[in-house]
Amino acid sequence: MFICVFLASSQRIDPKYLRLAEEVGAELARRGHTLVSGGARVSCMGAVARAVRAGGGRTVGVIPQALVDVEVADTDSDELIVTADMRERKGAMDARSDAFLVLPGGIGTLEELFEIWTARTLGLHDKPLVLLDPWGLYAPLKELVQGMHEAGFTRAGVFDAISWTTTVEEAFEHLEKPAGRLAPSLDELGEATAG
C-alpha cells in the first residue's frame with residue numbers, strides 16, 4: 001500500500017514531533033508499505049522518510065521545483081518527483097496514494113488535510129483518511145468543525161470521512177481497513193454545487 005503522510009517541515013518544533021514521525025516511518029516500513037511524502041529532507045518530513053528507509057521500506061517524494069532550488073529536496077528518496085508547483089505536487093501525491101495519514105503540522109498540513117477530507121466527504125474518493133494526534137494539537141480544529149456541522153455548514157458524513165487517532169498502532173489499523181465510499185445525498189450535492 002502507498003501511504004501518503006502529511007506532516008511538518010518546520011524546524012522550530014518540539015523534538016517529540018520528530019520522534020513521532022520516526023515511529024510512523026518505522027511502523028510503515030515494518031508493515032511493508034511505501035511512503036509518499038512531500039519530498040523534503042527537513043524536520044518531520046525528512047525524519048519519516050529516513051525511518052522508512054532505515055526499516056527497509058521505499059519512499060516516494062513529491063516536491064515542487066521551487067523547493068528543490070533552495071536545496072531541501074530528499075535526494076535519497078527511492079523516487080523523487082519534481083513538480084512545477086504546489087498544486088501539481090498535491091495532485092501527484094493524491095494519485096500515487098492508497099491512503100492518507102495526517103500528523104501534527106502547520107498551515108500547509110492543514111491545507112492538505114482539508115483538500116483530501118473535502119474530496120472524501122463529497123464521495124470523490126474512498127481512500128482512508130486518518131489523523132494521528134497524540135497530544136491534542138488538532139482538538140480545537142475538531143471542535144471548530146463540530147460547531148460548523150451543528151450550524152449546518154457541513155454535510156452529515158463529515159466525521160465519517162476521517163478517523164481521529166492518538167496512537168501509531170490505532171492509526172495503522174484504520175489505514176489498513178477499507179474505508180468505503182461515502183455517498184452524499186442529492187440535497188447535499190445540490191448544496192455543494194450551489195456554493
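How far apart are the end C-alpha atoms of helix α2, and what span should its 12 residues have? Let's start there. Before the answer, one reminder: what we have on screen is a predicted model.

Okay, helix α2. It runs over residues 43-54. At 1.5 Å a residue, those 12 residues should span 16 Å, and the end C-alpha atoms are 16 Å apart, which agrees.

Now, where does this helix sit? Nine of the 12 residues of α2 are buried, so the helix is largely enclosed by the rest of the structure. If you want to find them on the screen, the buried ones are Ser43, Cys44, Met45, Gly46, Ala47, Val48, Ala49, Ala51 and Val52. And what do they pack against? The buried residues of α2 pack against helix α1, strands β2 (34-37) and β3 (58-64), and helix α4 (86-96). Just after α2 you'll also spot Gly56, which takes a positive phi of about 90°.

Let me zoom in on one residue of this helix, Val48. Val48 counts as buried because its relative accessibility is 0%. Setting aside neighbours within four places in sequence, Val48 touches Leu7, Ala21, Val24, Gly25 and Leu35. There's also Val5: that residue is 43 residues from Val48 along the chain, yet their C-alpha atoms are separated by 8.5 Å.

Right, on to the aromatic rings. How many aromatic pairs does a search of the whole structure find? Six. I'll show you two of them.

The first one I'll show is Tyr17 with Trp135. Their ring centres are 5.3 Å apart and their planes sit at 85°, so this pair is edge-to-face. Planes over 60 degrees apart get that label. This pair links distant parts of the chain: Tyr17 is in helix α1 (residues 15-30), Trp135 is in the loop between β6 (129-132) and α6, and they are 118 residues apart. Are the two partners buried or exposed? Tyr17 counts as buried, at 16% relative accessibility, while Trp135 is partly exposed, at 40%.

The other pair is Trp117 and Trp164, also edge-to-face, with 6.1 Å centre to centre and 75° between the planes. Trp117 lies in helix α5 (residues 107-121) and Trp164 in strand β7 (residues 163-165), so the pair ties together parts that are 47 residues apart in sequence. Trp117 is buried, with a relative accessibility of 2%. And these two have company: Phe114, Trp117, Phe159 and Trp164 form one aromatic cluster.

Next up, charges. The count comes to eight salt bridges, and I've picked three.

One is Glu27 with Arg30, where the closest N and O atoms are 2.7 Å apart. Both residues are in helix α1, and because they are three residues apart there, about one helical turn separates them. Buried or exposed, then? Glu27 counts as buried at 14% relative accessibility, whereas Arg30 counts as exposed at 59%. There's a bit more going on here, since Glu27, Arg30, Arg31 and Glu176 are linked in a network of salt bridges.

Another is Arg96 with Glu79, at 3.0 Å from N to O. This bridge links distant parts of the chain, with Arg96 in helix α4 and Glu79 in strand β4 (residues 79-83), 17 residues apart. Arg96 is partly exposed, with a relative accessible area of 27%, and Glu79 is partly exposed at 27% too.

And then we have Lys90 with Glu115, whose closest N and O atoms are 2.7 Å apart. Lys90 lies in helix α4 and Glu115 in helix α5, so this pair ties together parts that are 25 residues apart in sequence. Lys90 counts as buried at 15% relative accessibility, and Glu115 as partly exposed at 41%.

Last stop, the surface. Which residues form a nonpolar patch there? Leu144, Met148 and Phe153, with about 340 Å² of accessible area together. Met148 lies in helix α6 (residues 139-150), and at 36% relative accessibility it counts as partly exposed.

So, to go back to where we began: α2 is the helix that is largely enclosed by the rest of the structure, with nine of its 12 residues buried. That's my tour, thanks.

Methods. Residues are numbered from 1 along each chain as its sequence is written. This is a predicted model: local features need pLDDT of at least 70, side-chain atom pairs count only at pLDDT 80 or more; totals for chains, interfaces and linings use all residues. Side-chain values use heavy atoms; hydrogens and water are left out. Patches are made of residues with over 30% relative accessible area and no salt bridge: like charges are joined within 9 Å, nonpolar side chains (Val, Leu, Ile, Met, Phe, Trp, Tyr) within 5 Å. Accessible areas come from the Shrake-Rupley method with a 1.4 Å probe; for residues, only the protein chains shown count as cover. A salt bridge is a side-chain nitrogen of Lys or Arg within 4 Å of a carboxyl oxygen of Asp or Glu. Helices (H or I, at least four residues) and strands (E, at least two) are DSSP runs, numbered from the N terminus. Buried means under 20% relative accessible area, exposed over 50%, partly exposed in between (1.4 Å probe, protein chains only). Rings of Phe, Tyr and Trp (its six-membered ring) pair if their centres lie within 6.5 Å; planes under 30 degrees apart count as stacked, over 60 as edge-to-face and the rest as tilted. The expected span of a helix is 1.5 Å times one less than its number of residues. Contact means heavy atoms within 4.5 Å.
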